[in-house]
Amino acid sequence: MKIVPIAYPLNMDEVGFFEGKQVVAIGDFDGVHLGHQEVIGRALSTAEKLGLPSAIMTFHPHPRAVMGQGKYEAALTPLERKMEIFESMGVNHAYVVTFDASLMRLSPELFVSDMLEKLGVESVICGFDFTFGFQGKGTPDTLCELSHGKFSVEVVRPFHMNGEKVSSTRIREALQTGDLDSVAHLLGRPYSISGTVIDGEKRGRQLGFPTANLQLDEPYVSPSNGVYAIKATVRGATYLGVMNIGVKPTFTTGELKPSYEAHLFDFAQDIYGEKVTVELISFLRAERKFSSLDELVAQIKRDSEHAKQKLAENL
């Protein structure tokens with residue numbers, strides 16, 4: 001899949017890529033959840049029917065973050081991960097549109113004429129709640145009106161599961177309550193984070209449970225502080241383990257930013273500086289403070305056994 005960064009005003013000479021007629025799925029797609037997959041899948045099937053390339057147009061950074069909603073600075077699927085998922089779905093190319101003040105002020109009419117038409121879209125696929133243009137005044141109906149027959153517009157209805165609409169907001173809320181079952185069902189896969197292993201305080205090693213301390217590569221939405229059963233992939237191999245996400249209250253560090261510490265079962269490799277991708281499989285318990293190291297060690301042992309049980313159920 002080719003990734004094509006573009007910005008407004010669109011200069012085709014600077015874009016360095018032009019596919020011609022194409023089918024484009026458009027949206028932010030944070031999470032690339034089942035609802036998003038429905039939109040992208042529709043674009044893929046339409047492109048196949050028409051014999052045209054399939055494309056995605058997405059925006060970076062998140063439009064809501066640019067408009068001052070700070071919580072959207074963290075993503076369910078940061079840009080690199082989002083591109084990986086698009087590629088795995090079979091998308092031919094992805095336009096990553098810089099969302100800045102100039103694009104935010106762009107009228108719906110100019111967005112259509114100066115962005116979509118210039119890119120040569122044959123068909124646009126979007127979700128029912130897609131908005132565009134200044135103050136989000138453009139809607140799927142607007143898109144149909146502004147196309148003037150130059151391209152077709154297909155609107156995908158909301159995707160429901162258990163009677164509720166699948167949405168990125170719902171997934172964020174489930175992460176904050178440790179409801180990983182709902183998260184995995186809504187995403188169609190376990191929630192994952194990636195980071196680089198860095199030096200830590202080596203307390204885990206001293207306690208008999210060495211951990212890989214992850215520095216996240218991108219701003220992920222952080223799950224609820226607590227202990228999780230995990231699957232971790234490093235150097236192309238996958239290992240089972242347990243991860244603590246939180247501020248380590250037993251050691252009263254005063255740190256407010258959560259740390260990510262993974263203990264991998266039956267693992268003794270030196271992986272400092274390596275990239276590790278962690279899938280969160282099951283929430284085991286909330287983070288809490290222990291009165292002694294012995295109490296903490298006993299709980300870690302119980303957590304490890306609980307994690308092995310949950311992971312066995314997940315196989």
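**View 1. Two cysteines that stay apart.** A search through the whole of this predicted model turns up 0 disulfides. Take Cys 126 as a starting point: the closest cysteine sulfur belongs to Cys 144, and it sits 7.3 Å away, too far for a bond. To count as a disulfide, the two sulfur atoms would have to be within 2.5 Å, so at 7.3 Å Cys 126 and Cys 144 don't make the cut. Start from Cys 144 instead and you land back on Cys 126, which holds its closest cysteine sulfur. How are the two placed, buried or exposed or partly exposed? Cys 126 is buried, with a relative accessible area of 0%, whereas Cys 144 is partly exposed at 37%.

**View 2. Strand S4 and its two partners.** Here we zoom in on strand S4, which covers residues 93-98. Most of this strand is covered, with 5 of its 6 residues buried. Strand S1 (residues 2-6) runs parallel to S4, and 5 bridges join the two. To find one spot where they meet, look for Val 4, whose bridge partner in S4 is Tyr 95. Strand S3 (residues 54-60) also pairs with S4 in the parallel sense, this time over 6 bridges. A handy landmark for that pairing is Ala 55, matched with His 93 in S4. While you're looking at strands, keep in mind that in a regular strand the side chains alternate between the two faces of the sheet.

**View 3. The largest pocket.** This close-up looks at the largest pocket, which holds about 980 Å³ of space. Several helices give two or more residues each to its lining: H2 (34-50), H3 (63-66), H5 (101-104) and H8 (168-176). Which residues lie nearest the centre of the pocket? They are Asp 28, Arg 64, Asp 129, Phe 130 and Thr 131, out of 38 lining residues. Sorted by class, the lining has 18 nonpolar, 13 polar and 7 charged residues.

**View 4. A closed barrel.** Follow the strands in the order S9-S10-S13-S12-S11-S14 and you trace a closed barrel of 6 strands with antiparallel pairing. On average, neighbouring strands of this sheet are turned by 45 degrees against each other, direction ignored. One pairing to pick out is S11 (residues 226-234) with S14 (residues 275-286): they run antiparallel and are joined by 9 bridges. To find your place along that pairing, look for Lys 231, whose bridge partner in S14 is Glu 279.

Methods: Residues numbered from 1 in each chain as written. Predicted model: local features only at pLDDT ≥ 70, side-chain atom pairs only at ≥ 80, totals over all residues. Heavy atoms only, no water. Buried < 20%, exposed > 50% of the residue type's maximum accessible area, 1.4 Å probe, protein only. Helix = DSSP H or I, 4+ residues; strand = E, 2+ residues; numbered from the N terminus. Pairing = 2+ DSSP bridges. 1 Å grid on protein atoms, 1.4 Å probe; cavity = no way out; pocket = protein on both sides within 12 Å on 5 of 7 lines; lining within 4 Å. Points joined across faces, edges and corners; volume = space filled by probe spheres on them. Nonpolar A, V, L, I, M, F, W, Y, C, P; charged D, E, K, R; others polar. Axes fitted to C-alpha atoms, helices over the stretch in contact; angles between N-to-C directions.
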